[in-house]
Amino acid sequence: MVYSVEQNTFIVMSYYRNGTFVDGAWLYSVAACKQEYLANYPDLEIQETSLEAHIRDVINRFVRTGNVNKGKSSGRPAVSEEVVDDLRERLEQNPQTSLTRLSQQSGVPVTTCHKVVKKRLHMHPYKITTVQQLLPIDPPRRVEYCNWFQNTFHDDGLLDLTFFSDEAWFHLSGYVNSQNFRIWSAENPHVFVETPLHLLKIGVWLAVSRRRIYGPIFFHDTMTGERYSQQILEPFIQQLDDEELQLGYFQQDGATAHTARATLEYLQQHYDDRVISLGVQHAFPPRSPDLTPLDFSIFGYLKDKVFQRQMNNLAELQHEIERWVQSIDGRMLQNIFESKKKRVNMCLELNGEHFQHLL
C-alpha cells in the first residue's frame, strides 16, 4: 500500500501525541499509534502487522532526516556548519589559499571545499591585477595633475588638438605568459614557443589625440635626447597643423631622453608652456601608465592584434604594426579619451591611489 503525505504526517503526530512521561523519560507506543490511525482511517483495508512495520519505518525516517516521506538519496551527508565556519575562517585569514591547500589544512575533500566555497560561502576566484608601484610621493602628484587636467580639458575641442605620446618595444618572438596560457586537450600536445638567445625587437613611438593618431615612428637603439629630438620630435612637429601647434598641448612621460634640458627647450620653442612632462610647469606624474592613453589602451590593443600570428623578421613585424595602427579609427579614439576622463575622475575620487579595481 502507498501511504500519502497526509497519512504519514498523521502517524508521526499520533506517535508523539500518545507518548507518556514515566520516571523522567518519554515512552512511545506503536500500538497506540496504530489504533488511532485505524480509527481515523476506518475505510482503508490494511493488515495490522504491515501497518506496524510502516509506522516504525516512518518514525525512524523522521528521526533520521526530518522527513515523513521517502525522497531521493542526498548522496554524501550534508556539510556541517562547523566545517563551513572553519573553511570561512581559513580563507579570511589567507584569501590566497588554493583549494588544494585548503583541503590539506582542513581535512575536507577538495570537491567538498569547492562546493562549500562557491555555494555556501558565495566566494569566487578573482585574478590579481598587476599595476605600477606607487611611491608615497606619487598620489599627491597624481591628484595635482588630474585636477589640472579637469580644469584645462573641460571640452573635447582641446583634446582634439592635444597629443599624448609614448613608446614601447615590440619583440619579434612576441610574448607568452606561461602562467596564464593554457591549451585544453585530451592529451598533452607539448606545445612550446622558441625564444632566441638575443631577442630581436623594434621600438615604436606614437602620438595620439582625440581625433587622430600620428606614427608609428620606428627605432632600434636606446633612445637618447638627441635621437628623440631629431628622429621623432622634428618630423612630428613638422606635420602639425597651425591649430594643433598654436592651441594644443603635448604630453610625454619622464624618460631621461624626454626630460633632457635640450629636449624640453626644443619642445618649449614650439609649444611654449603647453608641454606636459616632468621638469616643466605642467608635470605629468611619474609611474602613471594608467593615465596615459597609449599605455592603458593602444599599445595593448596593438600587441594583441600584431601577435595573432608569428612573424619571421623585423620587416614583417613592422608591416603588421603599421597595418594595425591604421585600423584605429575616430570612434575608437573617442572611446579611449572617454576612458581617459573616467580614469582621471576615479583617480581624484581615490586621492591619487590605484583605481583599476573600479573600472
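**Close-up 1. Valine 143 sits in helix α7, which covers residues 138-152.** This is a predicted model, and the view here centres on one side chain of that helix. Valine 143 comes out as partly exposed, with a relative accessibility of 21%; since buried means under 20%, it doesn't make that class. Set aside the neighbours within four places in sequence, and valine 143 is in contact with Leu348, Asn351 and Gly352. Glutamate 349 is worth picking out too: 206 residues separate it from valine 143 in sequence, yet the two C-alpha atoms are 9.2 Å apart.

**Close-up 2. Five strands make up an open sheet with mixed pairing.** Reading across, the order goes β5-β4-β3-β6-β7. Which strands stand at the edges? They are β5 (residues 213-219) and β7 (residues 275-276), and each has a single partner strand, so one side of each goes without a neighbour in the sheet.

**Close-up 3. β4, residues 201-208, is joined to β5 by five bridges, and the two run antiparallel.** They form a hairpin, with four residues between the strands. For individual pairs, look at alanine 207, which stands opposite tyrosine 214 of β5. Valine 204 has phenylalanine 218 in β5 as its bridge partner, while glycine 203 is matched with phenylalanine 219, also in β5. As a general point, side chains in a regular strand alternate between the two faces of the sheet. Both strands of the hairpin are mostly covered: seven of the eight residues in β4 are buried, and so are six of the seven in β5.

**Close-up 4. β3 pairs with β4 in the antiparallel sense, over eight bridges.** Tryptophan 169 makes a handy landmark here, with glycine 203 in β4 as its bridge partner. From glycine 203 you can carry on to β5, where the bridge partner is phenylalanine 219. That gives a little trail of residues across β3, β4 and β5.

**Close-up 5. Helix α9, residues 225-238, lies across β3, β4, β5 and β6.** In residue numbers, β3 is 163-171 and β6 is 250-251. The helix runs at about 160 degrees to β5. Helix α13 (residues 293-306) packs on the sheet as well, touching β3, β4 and β5. Its direction makes about 40 degrees with that of β3.

**Close-up 6. Tyr16, Phe21, Trp26, Tyr28 and Val63 form a nonpolar patch on the surface.** Together these residues offer about 540 Å² of accessible area. Where does tyrosine 28 lie? It's in the loop between β2 (residues 25-27) and α2 (residues 30-40). Is tyrosine 28 buried or partly exposed? Its relative accessible area is 33%, so it counts as partly exposed.

**Close-up 7. Zooming back out, the protein has 15 helices and seven strands.** Of its 359 residues, 37% count as buried. The accessible surface adds up to about 22,300 Å², and carbon and sulfur atoms hold 50% of that. Now take the contacts with a separation of 6 or more: residues 24 or more positions apart account for 67% of them.

Methods
Residues are numbered from 1 along each chain as its sequence is written. This is a predicted model: local features need pLDDT of at least 70, side-chain atom pairs count only at pLDDT 80 or more; totals for chains, interfaces and linings use all residues. Side-chain values use heavy atoms; hydrogens and water are left out. Patches are made of residues with over 30% relative accessible area and no salt bridge: like charges are joined within 9 Å, nonpolar side chains (Val, Leu, Ile, Met, Phe, Trp, Tyr) within 5 Å. Accessible areas come from the Shrake-Rupley method with a 1.4 Å probe; for residues, only the protein chains shown count as cover. A salt bridge is a side-chain nitrogen of Lys or Arg within 4 Å of a carboxyl oxygen of Asp or Glu. Buried means under 20% relative accessible area, exposed over 50%, partly exposed in between (1.4 Å probe, protein chains only). Two strands pair if DSSP finds at least two bridges between them. Contact means heavy atoms within 4.5 Å. Axes are lines fitted to C-alpha atoms, for helices over the stretch in contact, and angles run from 0 to 180 degrees between N-to-C directions.
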